[in-house]
Structures are given as C-alpha cells and as structure tokens.
Amino acid sequence: MEGIVFTVGCAVPVLTVSDVKRSIEWYASLFGFKADPFPSSPPYVFALLCRDGAQIMLQGVGAKGGDHQLSRGVHDEWDVYLRTHGGNLLALAAAAKKRTELLRGPERAFYGHVEFEVADPDGHRVCVGEVLPSDADVPTRKE
C-alpha cells in the first residue's frame, strides 16, 4: 500500500447470528445499542447496531448462504471488546449481571483495565473494559 494515503475510521465486528431480531433485543437491553435492521420489518437478515460512535454488525446465518457454523456455547476468545469511559463500569457490570451471566469479572487485567465478560445468545464473547483508578474495589485477574 505504498504511496496510498488513507485513514481508517474504525474497524467494525461482524457477528453471524441465528436470529437477528433476538440479538438486536439482547444488545439493546444490555448495552443500549440502537439498531438499523434490514429489511425494515422482521424477519431481519442484517442489522447495524450503534451507540456512542461504536458499531457492531449482525449478519443472519441464512443471509450469507452456505453452512456457516455458529459459536455453539462459549469459547475463550473475545469477539467484541467494548471500551467504556465515564467510571461506571462496575455499575454496568452489576446491571448486566441482573440480565445475563457474567462469565468473568469484574476484575483488573494485568494491563490495567477493569473488565467483565458476557456471552450473547449465539455464544459470542463480549468483553467490556475501562481504565478505573487503582483503588477501585476489584480483584486482580489470575492469569
């Protein structure tokens, strides 16, 4: 790409899901994302989720064709990392815990972020992290 000048605005995760409507509802209720689905009425095959400049795309498994395998159950790798600001990560984790299982955390990672993890209805692992003061009452993650 020598000599070509361009700017990457952001990278957007594209998650393959079994039910776009169900995933829209999950991301909206847990994290407050707003959806722009396609087509305009169900059954949806695609949606762009937006909040505070962050985006996640949801691709219905049937929309791509073929035999794409969904994440059956939870795996160890992150599919989405939501970096938050404002100092309310612990309150967000407490609210999330009322709606879904926390897979990990909140706890401080070795690189300083305080994080918690959840899995969406298709098993995509979502990590939510924020830099909190060192005196925040959270355990340190054991690696």
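The exchange below goes through the core, a surface patch and one loop residue of a predicted model.

Residues are numbered from 1 along each chain as its sequence is written, and side-chain values use heavy atoms, without hydrogens or water. Because the model is predicted, local features need pLDDT of at least 70 and side-chain atom pairs count only at pLDDT 80 or more, while totals for chains, interfaces and linings use all residues.

Colleague: Which element gives the most residues to the largest nonpolar core?

Modeller: A nonpolar core is a set of buried Ala, Val, Leu, Ile, Met, Phe, Trp, Tyr and Cys residues joined through side-chain atoms within 4.5 Å, where buried means under 20% relative accessible area, exposed over 50% and partly exposed in between (1.4 Å probe, protein chains only). This core has 28 residues, of which Tyr 27, Phe 31, Ile 56 and Leu 58 touch the most other members. With 6 residues, the element that gives the most is H1.

Colleague: Why does Trp 78 count as partly exposed?

Modeller: Trp 78 lies in the loop between helix H2 (61-64) and S5, helices (H or I, at least four residues) and strands (E, at least two) being DSSP runs numbered from the N terminus. Trp 78 counts as partly exposed because its relative accessibility is 36%.

Colleague: Which side chain is joined to that of Thr 84 by a polar contact of 2.8 Å?

Modeller: Thr 84 is placed in the loop between S5 and H3. A polar contact is a pair of N or O atoms within 3.5 Å; within protein, one must be able to donate a hydrogen and the other to accept it, and residues adjacent in sequence count only if both atoms are side-chain atoms. At 2.8 Å, the partner of the Thr 84 side chain is that of Glu 130.
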